[in-house]
Amino acid sequence: MKPLTFMLRSEPEERLDLSGLTPDKLAGMPVAEIAGLKIGLSRRPATVGDVFKITGTDASNIVFAGGSGRFDLVGAEMGTGRIRVEGDVGARPGRRMAGGTLVIEGKAGLQAGSGMKNGRIEINGDAGEGIGGPMAGEIHGMTGGLIIVRGKAGHRPGERMRRGIIALLKGCGDYAGLGMIAGTIVATGRVGRYPGHLMKRGSLLFDRRPADLSLTFMDCGRVDIAFPALFDRYLMEEKILDRPLLGAKPYRFGGDNAVLGKGEIMFPKG
Amino acid sequence: MQELIRNGIIVDDTFAEAFGMRATAIIITAPTLKWARQAAITMTGFATSVIGCGCEAAIDIDIPASKTPDGRPGCRVMIFAMSTDELQKQLKARLGQCVLTSPGSACFAGLEGSASLDLGSSLRYFGDGWQISKKFGGRHYWRVPVMDGEFLCEAKTGMTKEAVGGGNFLLLAADAEKALAAAERAVAAIGKVPGAIMPFPGGIVRSGSKVGGKYKGMMASTNDAYAPTLRGVVKSALGPDINAVLEIVIDGENDDAVTAAMRAGLKAVIDFGPKRGALRISAGNYGGKLGKFHYHLKDLLP
């Protein structure tokens, strides 16, 4: 079966809520019905048929041929299957996602993977602020799953995350892991100021010493432990990195001692 | 009893009788194979028989660094018991006292089974609040700070109910030296079979037993029919040429593993020949009514 493909006719004239176009919600739905779904966010909302030409039938494998910064909530709350966007997306792709795979070949807007519970998000371009974080008023960010950003990431990735892994392959903005509860953030490239600010638990694993580290992180020295080799191997098996991140005897800082202080920042070189 | 002859060695037409057991396995790694094995040997000490030790355990195979989860040399340890509760109790106690304590050790699940047993999930409390939970790749690990770094331990391992305990054969030789030489050959061959262990000292038993005894409360007592010094005075199973008998006992994670181990052991003894090794091979059973698994020697010969 050919993947269910939404071919973008032209740049949409309004922001779109694409949370309805997931494998779970489209399973078994006839094409005519899909074409009639309202996705626009203006007073006279556009329907799927207005914006996209629909081909293919396999709803478990959805492709958006062409993307736009106005594509909001792509793959939100999806639980199974696969969505691939051949282009950019807007805010909150993979919001509260519970399973399956979301691949974005272009850039992503704000809060990718916000409140994510499980599954896998891959963003090949840059991603905006608040990856895997909470929305305003929520007490925690992502609680599981894997987010890979192959471009640059904005500020506050992994804010108040509880579980799961975020991998940022071209660095990120300030306050990585802000108020982190637990989980793991991997970053290669330059990370901004004060990573791990107010983190309680969790691991920030970098490929270099962060330039501006909070004074409330304490130097634990170089640690000779088995965990880095195990985790490096995982990163390579998942094809997140092609060489070890930490290697033997990484440096470790413990913090943030302004709060609980059971988190850690590890990196290989001085 | 009908007799078969292979390479000049008499093989009794009898069978080994074995029982269903619960088994689990873990992989222990360390900076060197020596220290991985040391942790494993300590953990599997005093684990020859469920009757007196609570479990039967031994090293299954060594695992090269390239095939262990953390890229360090390691070995796979198997533990067998009669009930899930006892297996969990033994695993926790041995892990906590012998592996956690061993320099540089780490511990991972060594079996995918129908049920799971706690590893790090029960030992994490040693971390006194500083333990770190890590979940990735569908697995859950605990990192417990210790004096030489960290004890890295997977949260759970698998347990199988398909395990078989008590596969065995007896090596009857002209003297103790030859019986031991043949038994050592068998142990070396079975050691290479994955999923099967020999829990007795060096894989060999010299005090085979029969059920019951003349004294009250003895569940088992010496197998006088196979004791050469009693050949003239009891109903002996030994001919005039036999002066020593040793037994190999095998536990396997399933029926196939025990079969493969029996086959490998018998082949090694038969290839070794009667001049330097065993003159006759037999097996232990209880008449076939107690154990679910029967391993007929004639089906397993090379």
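Let me begin with chain A, where residues 24 or more positions apart account for 41% of the contacts with a separation of 6 or more, two residues being in contact if their C-beta atoms, placed from the backbone, lie within 7 Å. What you see above is a predicted model, in which local features need pLDDT of at least 70 and side-chain atom pairs count only at pLDDT 80 or more, while totals for chains, interfaces and linings use all residues. Residues are numbered from 1 along each chain as its sequence is written, and chains are lettered from A and ligands numbered from 1 in the order in which they are written.

Chain A has four helices and 15 strands, taken as DSSP runs numbered from the N terminus, with H or I and at least four residues for a helix, and E and at least two for a strand. Its radius of gyration, taken over C-alpha atoms, is 19 Å, close to the 18 Å that the globule rule (2.2 Å times the number of residues to the power 0.38) gives for 270 residues, so chain A is as compact as a globular protein of that length.

Turning to the interface, 13 residues of chain A are in contact with 14 residues of chain B. On the chain A side, the elements that give two or more residues are β10 (163-168) and α4 (227-237), and α4(A) gives the most, with five residues.

As for confidence, the model scores ipTM 0.93 and pTM 0.93, and chain B averages a pLDDT (the predictor's confidence in each residue, from 0 to 100) of 95, with 99% of the residues scoring at least 70.
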